[in-house]
Amino acid sequence: MVGPLYNHTMDTSVTFFLAGIPGLQSSHLWLAISLSAMYTITLTGNTLIMTVIWMDSTLQEPMYHFLCVLAAVDIVMASSVVPKMVSIFCSGDSSISFNACFTQMYFVHAATAMEIGLLLAMAFDRYVAICKPLHYKSILTHQVTLGMNVTITIRAVTAMTPLSWMVSHLPFCGSSVVLHSYCEHIAVAKLACADPTRSSLYGLVVSSIIVGSDVVFIAASYILILRAVFGLSSRNAQLKALSTCGSHVGVMALYYLPGMVSVYVAWLGQDVVPLHIQVLLADLYLVIPPTLNPIIYGMRTKQMRERIWNLLMHWLFGHSNLGS
């Protein structure tokens, strides 16, 4: 007999078992090595960016504030899933407690929602810097930048809290094997002995609205940026702006496309796309952007490269030009 749609009292004694990537068990060791390398780059690159921006008084423009928050979100997002994935792939330690599972679920979804909002904020920052350079400081004041970051955080929390609540209050009385490498909400909801359609539909609709609206505004920003760039008289200035915008759009495509494809594929089911492809897509959009963001948004910027180099020289040899 099917249980109630939602329990108001959660059975936190349930232990889930993550299956990793079903069908690719023979590749788990190589996946663990790859993930470990990418996680190391994520932690190192994003920590360097946060430290440099925090310590350097010259990096106080809105772009660097957004970049600092993005680096923190990337660390949270990668740290929510990668250590457990590596544990599964290396040692086969697939068990995860009820509370740990839903904590992971919440942080993953909240971090992804924040990442999307920050990419929009950074696209708007570039639009103002290129299209309205004389009004940049008057438009993106410290108060406006802080307000945008707070709004992005509130939107992520308010959008994702109901999703985690709905899934965590489903009754679980059958299989406890999650056919995924982390506690992805649709994979967990499928284990419930009640109809999970409401929570799955909520996740689909909210993801579509957030991503859809943000993509529209990001596309509009870059279209206006490209119009301004092609109006520049200097060929070198055009190429530099196009190179910067192109790398930003590339990172966004790597984030949005696998993310949304994984959401719709999970909704459509295994009959449409093999399960291991579904899981790989979901894993990639949580791991690749945090690895590439420090390189694309940080290392490609001359000022950031110089400040990071100075910081490393200070740590290694005790001299630095930070803040000068």
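Helices are taken here as DSSP runs of H or I with at least four residues, numbered from the N terminus, and on this basis helix α3 of the predicted model spans residues 98-131 and holds both phenylalanine 98 and phenylalanine 102. These two residues are four positions apart, which corresponds to about one turn of the helix.

In the protein as a whole, the secondary structure amounts to ten helices and three strands. Read from the N terminus, these elements follow the order β-α-α-β-α-α-α-β-α-α-α-α-α. Of the 324 residues, 49% are buried, and the accessible surface comes to about 15,300 Å², with carbon and sulfur atoms contributing 68% of that area. Among contacts with a sequence separation of 6 or more, 78% are made by residues 24 or more positions apart.

Seven aromatic pairs are found in the structure. One of them joins phenylalanine 16 to phenylalanine 172: the ring centres are 5.4 Å apart and the planes stand at 85 degrees, so the pair is classed as edge-to-face, the cut-off for this class being an angle over 60 degrees. Because phenylalanine 16 belongs to strand β1 whereas phenylalanine 172 sits in the loop between α5 (142-168) and β3 (177-178), this pair ties together parts of the chain that are 156 residues apart in sequence. Both phenylalanine 16 and phenylalanine 172 are buried.

The pair within helix α3 has another geometry: the rings of phenylalanine 98 and phenylalanine 102 have their centres 4.6 Å apart and their planes at 50 degrees, and the pair is therefore tilted. Phenylalanine 98 and phenylalanine 102 are likewise buried. Taken together, Phe16, Phe98, Phe102 and Phe172 form one aromatic cluster, to which strand β1 contributes phenylalanine 16 and the loop between α5 and β3 contributes phenylalanine 172, while phenylalanine 98 and phenylalanine 102 come from helix α3.

Strand β1, which covers residues 15-18, also contains phenylalanine 17. In contrast to phenylalanine 16, which is buried, phenylalanine 17 counts as partly exposed because its relative accessibility is 36%; the partly exposed class lies between the limits of 20% for buried and 50% for exposed residues. Phenylalanine 17 joins Val177 and Leu179 in making a nonpolar surface patch of about 240 Å². Strand β1 thus holds a buried residue of the aromatic cluster, phenylalanine 16, and a partly exposed residue of the nonpolar patch, phenylalanine 17.

Note on methods. Residues numbered from 1 in each chain as written. Predicted model: local features only at pLDDT ≥ 70, side-chain atom pairs only at ≥ 80, totals over all residues. Heavy atoms only, no water. Patch = residues over 30% accessible without salt bridge, like charges linked within 9 Å, V, L, I, M, F, W, Y side chains within 5 Å. Areas by Shrake-Rupley, 256 points an atom, 1.4 Å probe, with all protein chains shown as cover. Salt bridge = Lys/Arg side-chain N within 4 Å of Asp/Glu carboxyl O. Buried < 20%, exposed > 50% of the residue type's maximum accessible area, 1.4 Å probe, protein only. Contact = heavy atoms within 4.5 Å. Phe/Tyr/Trp six-rings, centres within 6.5 Å; stacked < 30°, edge-to-face > 60°.
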